[in-house]
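Reader: I'd like to go through this one and ask what stands behind each label. Could you take me through it?

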Amino acid sequence: MSMINYASREINCKLVYYGPGLGGKTTNLEFVYNKVAPGSRGKMISLATETERTLFFDFLPVDLGTIRGFKVKFHLYTVPGQVYYNASRKLILKGVDGVVFVADSQIERMDANIEAMQNLYENMVQHGYDLTKIPFAVQYNKRDLPNAAPVAELQAAVNPGWAVDEPAKQRQVADPYHDSELLVWQQDGHWVERAPYFEAVAVTGEGVFDTLKAISKSVVKTLG
Amino acid sequence: MTGASSWSFREDDSRRIHGILRGFLGETNARTALIVDRTGQLVATVGEAPAFDPTAFASLTAADFSANDQLARMLGEAEFGALFHQGERESMYLADVARRVILVVLFDNRTTLGLVKLRVKPVVGQLNQVFTEMFDRDGRSAPGVESAFLGEAEGEIDKLFGS
């Protein structure tokens, strides 16, 4: 968590939408902007090219209201997905409180998803952050397209999980968002954890708020 | 190694910073001084209330400063400790404080860049000291919110984003 401002009684949390180019990160933010009551959100800023590709970032502040005397705000950011914008992508991760990885479900984009996920891990490490220890969710976008890969295949490639070394965390945890699935489980004698995932069609808004709700609740939990 | 490091900004911190910046604005005739954290959050505003959206301004300032930091490294500099953006009427001067926050000074033709630059140096020194103390303190004990807060926050998230 970045900062509790006791003087202005404000808590700001930074959420970053990460993922391959044209995966739907900006579309997620646009849907939130259009659906949240105007009084609960600020201006959306997009630093984009003339062809509406994100150049630096999109930014949308969302106001949760006053809770126990603190004004709580979520600052939603996207990063540019295109590979060659890595310098600006890395800058946006500074001070991140929660990450949503927006994967493109199209089978042809599998390699781009994997490359973007590796890039996310690398950039987090360079900031000194550990992605496995902060709120993190994966969204499989474009589920409506005929060439969308099966979720199980995407999970295996993009969100295979990481080893759980801490003994206190080595216990089975059910996935609260999917019946009979697990977030922490034992596999060949090793404990593994993976990020919660959500299916989405960001252009129609399906799954957009489910993802945002899950990540913001995880971030709020870290404030305690 | 986990997430971003925590810090808190308390009322006595705010009073000290307001005191320093009010003195600076009085000496230079600059309009407004803002403190923005490097992650893009507005920490404090002193002087004339800005007419723009301060939240958006803070996120752009942090991005501006970070991008210029990278440019500095490409030139073989460790950093650009200060930046200046000149407009026809309104200008802004940005200076790094303790590598964690940015001091932004907004001024118009009632003063000059020379005077702002001259007076800002000791102010940055004083702010460096205040913020370094603040970060050292929070490195030892970062306070969290009360437990009832979490339940209420979850309720508000459900309301705002649909349950």
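Author: Here are a few questions and answers on chain B, its contacts with chain A, and one residue of chain A.

Author: First, the ground rules: this is a predicted model, where local features need pLDDT of at least 70, side-chain atom pairs count only at pLDDT 80 or more, and totals for chains, interfaces and linings use all residues. Residues are numbered from 1 along each chain as its sequence is written, while chains are lettered from A and ligands numbered from 1 in the order in which they are written.

Reader: What makes up the secondary structure of chain B?

Author: Four helices and six strands. Helices (H or I, at least four residues) and strands (E, at least two) are DSSP runs, numbered from the N terminus. Along the sequence, that reads β-α-β-β-α-β-β-β-α-α.

Reader: Why is Gln118(A) called exposed or buried?

Author: Exposed means 12 or fewer other C-beta atoms within 10 Å of the residue's own, buried means 20 or more, and partly exposed is in between, with C-beta atoms placed from the backbone. Gln118(A) has 10 within 10 Å, so it is exposed. Gln118(A) is in helix H3 (residues 110-127) of chain A. As for chain B, 35% of its 163 residues count as buried.

Reader: How many residues of chain B are in contact with chain A?

Author: 43 residues of chain B, and they meet 45 residues of chain A; a contact means C-beta atoms, placed from the backbone, within 7 Å. On the chain B side, strand S1 (7-9) and helices H1 (11-28), H2 (54-74) and H4 (147-161) each supply at least two residues. H4(B) gives the largest share, twelve residues.

Reader: How do you know that S1 of chain A and S1(B) pair?

Author: Two strands pair if DSSP finds at least two bridges between them. Strand S1 (residues 3-5) of chain A and S1(B) have three bridges, in the parallel sense, so by that cut-off they pair. One of the partnerships is Met3(A) with Trp7(B).

Reader: And where in chain B is confidence lowest, and where highest?

Author: By pLDDT, the predictor's confidence in each residue from 0 to 100, S1(B) is lowest at a mean of 78, and strand S6 (residues 101-107) of chain B is highest at 97. Chain B averages 90, with 91% of the residues scoring at least 70. For the complex, the predictor gives an ipTM of 0.88 and a pTM of 0.90.

Notes: Contact = placed C-beta atoms within 7 Å.
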